[in-house]
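The exercises below ask you to work from the coordinates towards a short account of charged side chains and strand pairing. Please try each task before reading its solution.

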Amino acid sequence: MIARLLPLLLLLTACPAAAPPVADPTPSALVADAGADRVVVLGEPVVLDGSGSTGAASWAWDFGDGATAAGPTPEHLYAAPGHRVAVLTVRDAVGRAATDAAVITVHEPLADQPIRNSSPLVGDGDTLWVALPDFDRVAVVDRASGSVTGHLVVCGSPRSLGLHGGVLAVACSDDDRVELWDAADGVLLEAIDLPSGSAPWAALPGPGGALDVAL
């Protein structure tokens, strides 16, 4: 009997033991990425970008103004200016969640007209114009060298200059007059006589031939 069992024991010891089951690898890290902060003009849509998120199976957005959307790169149009926080929530295949946010700054469209001002000194590019009230002149100065390249002989006691669209306005308080000059050519375009005692202190040319005068 022992002789019969011996081959069986030898066979059993020769067979390797069954390998234990291998556990599932650790799920990849879940990271939400709402993209960079954005600045947009009111009336223009903004495209948010959550495609940089890792391990995500779904994307849910809260735009901060009551609107929501799904997907990695949704488009949204904000109805009012201000700062909004767009929150992204991503989930992986097993339901874990992660969040990130991007600040969206919405501003009104910028003015297409440059700021206008009136002062004893105005500049445009490489040229400055300086009012000389004691000499009834406006000096033309090269900005780079600081040297005077010419003079405009203007009305009495020029107090303030205004420049817009190549037109130089000169307000002369003593003569109750505003003169408009071609800034590039130094040619008098128009002289506007005001009622006696008006004493114009500032003048600003504007688009469409408009002229603002402070008395």
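**Exercise 1. Find the closest N and O atoms between Asp 92 and Arg 96, and classify the burial of each residue.**

Step 1. Asp 92 and Arg 96 form a salt bridge, with their closest N and O atoms 2.5 Å apart; the term stands for a side-chain nitrogen of Lys or Arg within 4 Å of a carboxyl oxygen of Asp or Glu.

Step 2. Asp 92 has a relative accessible area of 10% and is buried, whereas Arg 96, at 35%, is partly exposed. Buried means under 20% relative accessible area, exposed over 50%, and partly exposed in between, computed with a 1.4 Å probe on protein chains only.

Step 3. Before going on, note that this is a predicted model, in which local features need pLDDT (the predictor's confidence in each residue, from 0 to 100) of at least 70 and side-chain atom pairs count only at pLDDT 80 or more, while totals for chains, interfaces and linings use all residues. Residues are numbered from 1 along each chain as its sequence is written, and side-chain values use heavy atoms, with hydrogens and water left out.

**Exercise 2. Which residues do salt bridges that share partners join into one network?**

Step 1. A search of the whole structure gives three salt bridges. One of them links Arg 177 to Glu 179 at 3.5 Å, N to O, and another links Arg 177 to Asp 193 at 2.7 Å.

Step 2. Because Arg 177 lies in strand β15 and Asp 193 in strand β16 (residues 187-193), this second pair ties together parts that are 16 residues apart in sequence; strands are DSSP runs (E, at least two residues), numbered from the N terminus.

Step 3. Arg 177, Glu 179 and Asp 193 are thus joined into one network. Glu 179 is buried at 4% relative accessibility, Arg 177 is partly exposed at 26%, and Asp 193 is exposed at 53%.

**Exercise 3. Asp 176 is buried yet has no salt bridge; which backbone nitrogens does its side chain reach?**

Step 1. Asp 176 lies in the loop between β14 (167-172) and β15 (177-182), and the nearest side chain of opposite charge, Arg 177, is 9.4 Å away. For charge, Lys and Arg count as positive and Asp and Glu as negative, with His and the chain ends not counted.

Step 2. The side chain of Asp 176 reaches the backbone nitrogen of Gly 197 at 3.0 Å and that of Ala 199 at 2.8 Å.

Note on methods: Helices (H or I, at least four residues) and strands (E, at least two) are DSSP runs, numbered from the N terminus. A polar contact is a pair of N or O atoms within 3.5 Å; within protein, one must be able to donate a hydrogen and the other to accept it, and residues adjacent in sequence count only if both atoms are side-chain atoms.
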